[in-house]
Amino acid sequence: MCPQDNATIVASEYKDNRIGVDALRLSLISDQVQGDVYWIPVFTPSTLLLSKNNPLRPIVFPDKVEGTSITYFNSINDLELPEKKLANSEYALRLTAYLPIMDFSL
């Protein structure tokens, strides 16, 4: 549920490369079953490598190499993001069961 922050290469673990989001979680727990409902009111995108705001872009995708200019296939700056309003919220459900022989989640 957390987008990636591709603006850093120093993260020591995969989970350190995540952007935190504001979310609400409601959990219903019993001995063998757990149900979770998630609500994310505002969409938070991942930081992409080709984004003009990414400080790694000039390193990973240079504009010139030895005097030769480079043109990339697509500009990430043209992506259209949803408006920041409650109608564009995200929802998720998860059901987890803890059985004697296995655990599974939907």
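**Note on a predicted model: a buried aspartate and its surroundings**

1. Asp36 is buried, with a relative accessible area of 2%. The cut-off for that label is under 20%. The model is predicted, and this note follows Asp36 outward from there.

2. Asp36 has a salt bridge to Arg94. The side chains meet at 3.0 Å, N to O. Arg94 belongs to strand β5 and Asp36 to strand β2, so the contact ties together parts that are 58 residues apart in sequence. Arg94 is partly exposed, at 34% relative accessible area. The aspartate end of this pair, by contrast, is buried.

3. Asp36 also forms a salt bridge with Arg25. Here the closest N and O atoms are 3.8 Å apart. This pair links distant parts of the chain, with Asp36 in strand β2, Arg25 in strand β1, and their positions 11 residues apart in the numbering.

4. What about charged pairs elsewhere? The count for the model comes to three salt bridges. One of them joins the side chains of Lys85 and Glu83, at 3.8 Å, N to O. Lys85 counts as partly exposed, at 43% relative accessibility. Glu83 is exposed, with a relative accessible area of 56%. As for shared partners, salt bridges join Arg25, Asp36 and Arg94 into one network.

5. Which strands does the Arg25 pair connect? Arg25 sits in strand β1 and Asp36 in strand β2. These strands also pair with each other. β1 and β2 (residues 33-40) run in the antiparallel sense over six bridges. They form a hairpin, with three residues between them. Within this pairing, Leu24 has Trp39 of β2 as its bridge partner.

6. Is β1 in the open or covered? Strand β1 covers residues 24-29, and of its six residues the number buried is zero, so the strand lies largely in the open. Asp36, across in β2, is buried at 2%.

7. The surface also has a nonpolar patch of about 690 Å². Its members are Val33, Leu95, Leu99, Ile101, Met102, Phe104 and Leu106. Ile101 is found in the loop between β5 (90-98) and β6 (103-105). Ile101 counts as exposed because its relative accessibility is 79%, and the cut-off for exposed is over 50%.

8. To look at the model in order, begin with Asp36, which is buried. Move to Arg94 and Arg25, its salt-bridge partners. Then view the β1 and β2 hairpin. End at the nonpolar patch that includes Ile101.

Notes: Residues are numbered from 1 along each chain as its sequence is written. This is a predicted model: local features need pLDDT of at least 70, side-chain atom pairs count only at pLDDT 80 or more; totals for chains, interfaces and linings use all residues. Side-chain values use heavy atoms; hydrogens and water are left out. Patches are made of residues with over 30% relative accessible area and no salt bridge: like charges are joined within 9 Å, nonpolar side chains (Val, Leu, Ile, Met, Phe, Trp, Tyr) within 5 Å. Accessible areas come from the Shrake-Rupley method with a 1.4 Å probe; for residues, only the protein chains shown count as cover. A salt bridge is a side-chain nitrogen of Lys or Arg within 4 Å of a carboxyl oxygen of Asp or Glu. Helices (H or I, at least four residues) and strands (E, at least two) are DSSP runs, numbered from the N terminus. Buried means under 20% relative accessible area, exposed over 50%, partly exposed in between (1.4 Å probe, protein chains only). Two strands pair if DSSP finds at least two bridges between them.
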